[in-house]
Amino acid sequence: MPTIVVEVMPKAELLDPAGKAVAGALRREGGHPFSDVRIGKRFELTVDGAVTDAVLAQAQKLADEMLSNSVIEDVVKVTVLEGAVA
Amino acid sequence: MRIGVVTFPGSLDDRDAQRAARIAGAEPVALWHGDHDLQGVDAIVLPGGFSYGDYLRCGAIAARSPIMREVVEAANSGMPVLGICNGFQVLVEAHLLPGGLIRNDHGDFVCRDQGLRVENADTAWTNGFEQGQQITVPLKNGEGGFIADAETLARLEGEGLVAFRYTGLNPNGSLNDIAGLTNERGNVAGLMPHPEHAVEPGFGPDTDVAMRSGIDGLTFFTSVLRHALSRA
C-alpha cells in the first residue's frame, strides 16, 4: 500500500535538547566535519487506495493541524514514499 | 457545586484534583476521556500527568480525545475550565489558550515549591486572590517552557491574559516568566504549577509558619465556588 511521509522539525530558533546532546557526543568523537545536529520527527502514513491530489492535501492538513504544532514546529515535507508498491 | 475532573490515559493528579475540590466544599465528579458526557458538572479540571506518555506532543492526543469536544463546547459557552500542568498543555493543544509549551530551557525536570504572582485576580479560578498576591504551590514538569510569537505575547500582556507569573528564578525559560494564562472571558485558566497539591495543612509547601502548611492552592477551588454562587 502507498505511504505518505510527513517530516516535522522543531523551529530553528527553538531549543532542541535531543539534537544538542547528540551534537555534544559528536564533538567528543571528533574526526568529522559535522558541526551540529537537529532531531525532528518522521511520520509514515499508510494509505488505503491510491494517492490522489486530494489525499495528499488531506495529509498536508493532518500534518499542519495534528502532527505538528505551528507554534513550536514546522512541517518540512509531505511526500509519497518512493519505491513503495501500490 | 459539582466539579468534574477528566481522567485521560496517563493522568496522575486526577485524584488530587478531586480531593482539592472536595476540601474546598464542592462535589468532585470523575469524568472519563472516552465519554461524551460531562454528567451535568458546573466546572471542569483537566489534571496533571503524562497523558498518552507525552507521545506526539505533550497534551496533543488528549486534546483530541472524545470528551474534549464537550469540554471545548462548555468552555466556549462560559463554563469554568482549569488546566493544571499536563491539563494546561491539553488546553493549549485544544486551542482554548494560545501559545505552546516546550522542554525546559535547562533540559531537566524540575520539582520544587514555586513562588507565583497572581496577575489577574478577576477570573473564575482566581477571584479569591488579591491582584498581585504572591503565592506558593508545587511545580513539577519537564516541558513547562511557555512560548508564543511576539504578536501573541503582546496581546496576552496587553489584555491582562497572563494570570500567573513565576517569581524569583524562572524555573523553565518561560517567556516573560509566564506560569499561567486565562482567556478573554476569564472562565478558562491554565498553569504549569499544581494548586491541587497545596490545599490541606500537612501536605502543602513549607511556609514561614510551619512545614508543609501551605494551602494557597485551595483558593483556586474556593474561587470557582464563589464564581458559581455569584452567578446562581
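## Two chains, strand by strand

B:Ile3 stands opposite B:Ala43 in E3(B). That pair is a way into a predicted model, in which local features need pLDDT of at least 70, side-chain atom pairs count only at pLDDT 80 or more, and totals for chains, interfaces and linings use all residues. Residues are numbered from 1 along each chain as its sequence is written, while chains are lettered from A and ligands numbered from 1 in the order in which they are written.

Names such as E3 come from DSSP runs: helices (H or I, at least four residues) and strands (E, at least two) are numbered from the N terminus. Two strands pair if DSSP finds at least two bridges between them.

**Chain B as a whole**

Chain B has 5 helices and 11 strands. Its C-alpha atoms fill a box of roughly 40 × 40 × 35 Å along the principal axes. The radius of gyration is 16 Å, which agrees with the value near 17 Å for a compact globule of 232 residues. This radius is taken over C-alpha atoms, and the globule rule is 2.2 Å times the number of residues to the power 0.38.

Of the 232 residues of chain B, 58% count as buried. A residue is buried if 20 or more other C-beta atoms lie within 10 Å of its own, exposed if 12 or fewer, and partly exposed in between, with C-beta atoms placed from the backbone. Contacts use the same kind of atom: two residues touch if their C-beta atoms, placed from the backbone, lie within 7 Å. Among contacts in chain B with a separation of 6 or more, 72% come from residues 24 or more positions apart.

**Strands of chain B**

Strand E1(B) covers residues 2-7, and 5 of these 6 residues are buried, so the strand is largely enclosed by the rest of the structure. The table lists parallel pairings in chain B.

| Strands | Bridges | Direction |
|---|---|---|
| E1(B) and E2(B) | 6 bridges | parallel |
| E1(B) and E3(B) | 3 bridges | parallel |
| E3(B) and E4(B) | 3 bridges | parallel |
| E4(B) and E11(B) | 4 bridges | parallel |

Single bridges fill in the picture. B:Ile3 has B:Pro28 as its partner in E2(B). B:Leu46 is matched with B:Gly83 in E4(B). B:Val81 is matched with B:Val188 in E11(B).

Helices link some of these strands. From E1(B), the chain crosses through helix H1 (residues 14-24) to E2(B) in a right-handed β-α-β crossover. E3(B), helix H2 (residues 66-76) and E4(B) also make a right-handed β-α-β unit. Right-handed means that, with the strands pointing away from the viewer, the path from the first strand over the helix to the second runs clockwise.

E4(B) is covered on both faces: B:Val81 and B:Gly83 are buried on one side, B:Leu82 and B:Ile84 on the other.

**A covered helix**

Helix H3(B) spans residues 86-93, and 8 of its 8 residues are buried. These buried residues pack against strands E3, E4, E5, E10 and E11 of chain B. After H3(B) comes B:His95, with a positive phi near 65°.

**Chain A and the contact**

Chain A has an open sheet of 3 strands in the order E2-E1-E3, with antiparallel pairing. The edge strands are E2 (41-46) and E3 (73-80), each pairing on one side only. In chain A, 7 bridges join E1 (residues 3-10) to E3. One of the bridge pairs is A:Pro10 with A:Glu73.

The contact between the chains takes 9 residues from chain B and 6 residues from chain A.
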